[in-house]
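Colleague: I am new to this structure and would like a close look at a single part of it. Could you choose one helix and take me through its setting with care?

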Amino acid sequence: MSGNGASSSSLNMISGEDVVNNNLSALVVDDSPLLRLLHDIHLKKYGLKVQVAENGKVAVDLFHLGASFDLVLMDKEMPVMNGVEATKELRAMGVTSMIVGVTSKNGPGEQQAFMEAGLDYCFEKPLTPEIISFLLEELNKHNNKN
């Protein structure tokens, strides 16, 4: 796990009620229908409005069409446009959403290139409820500063 000081020690157990925010939206980008469904279910438990995309190009196209999301869960390995390419393109477009890399390849070299594309965090998939709680807490902190 990498990015902005996230460590396993900062992932304290948080109850779902502490981080529920019905005003947050998320985009789950993954070529695996099972993982899209799993992450969709987890995020909806916390009150997020969720949309899914099967590859990075669909995600980039959604933003081009004017969609916006507070949180983007981005798979690294996908056909058509992978997560690294999609993240670079989103950042080049000026997208400021929290983009979280989700990958099955957890080596330091694997995550570094992904992080350098513009991720805020990177985690091994599937995301656990504890990691999702941590991310929502970070989103709420960011939203409260604005």
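Modeller: What follows looks at one helix, after a few words on the chain that holds it. Please keep in mind that this is a predicted model. The protein chain has six helices and five strands, and along the sequence these follow the pattern α-β-α-β-α-β-α-β-α-β-α. Of its 146 residues, 49% are buried.

The part I would pick is helix α3, which covers residues 56-64 and in which G56, A59, V60, L62 and F63 are buried. Seen down the axis of α3, these buried residues fall within an arc of 155°, so they line one face of the helix. The general background is that an α-helix has 3.6 residues a turn, so residues three or four places apart point the same way. As for what that face meets, the buried residues of α3 pack against strands β1 (25-29), β2 (49-53) and β3, and also against helix α4 (83-92).

The two ends of the helix deserve a look as well. At the N-terminal end, N55 acts as a cap, with a side-chain oxygen 2.9 Å from the backbone nitrogen of K57, while just after α3 comes G66, which takes a positive phi of about 100°.

One of the strands that α3 packs against, β3, spans residues 71-75 and contains D75, which UniProt lists, in an unreviewed entry, as "modified residue: 4-aspartylphosphate". D75 counts as buried because its relative accessibility is 2%, under the 20% cut-off. Leaving aside residues up to four places away in sequence, D75 touches V29, D30, D31, G83, V102, F114 and K125.

Key
Residues are numbered from 1 along each chain as its sequence is written. This is a predicted model: local features need pLDDT of at least 70, side-chain atom pairs count only at pLDDT 80 or more; totals for chains, interfaces and linings use all residues. Side-chain values use heavy atoms; hydrogens and water are left out. UniProt positions are given in the numbering used here, feature names are shortened, and annotations may be inferred rather than shown by experiment. Helices (H or I, at least four residues) and strands (E, at least two) are DSSP runs, numbered from the N terminus. Buried means under 20% relative accessible area, exposed over 50%, partly exposed in between (1.4 Å probe, protein chains only). Contact means heavy atoms within 4.5 Å. The arc is that of the directions from the helix axis to the C-beta atoms. A polar contact is a pair of N or O atoms within 3.5 Å; within protein, one must be able to donate a hydrogen and the other to accept it, and residues adjacent in sequence count only if both atoms are side-chain atoms.
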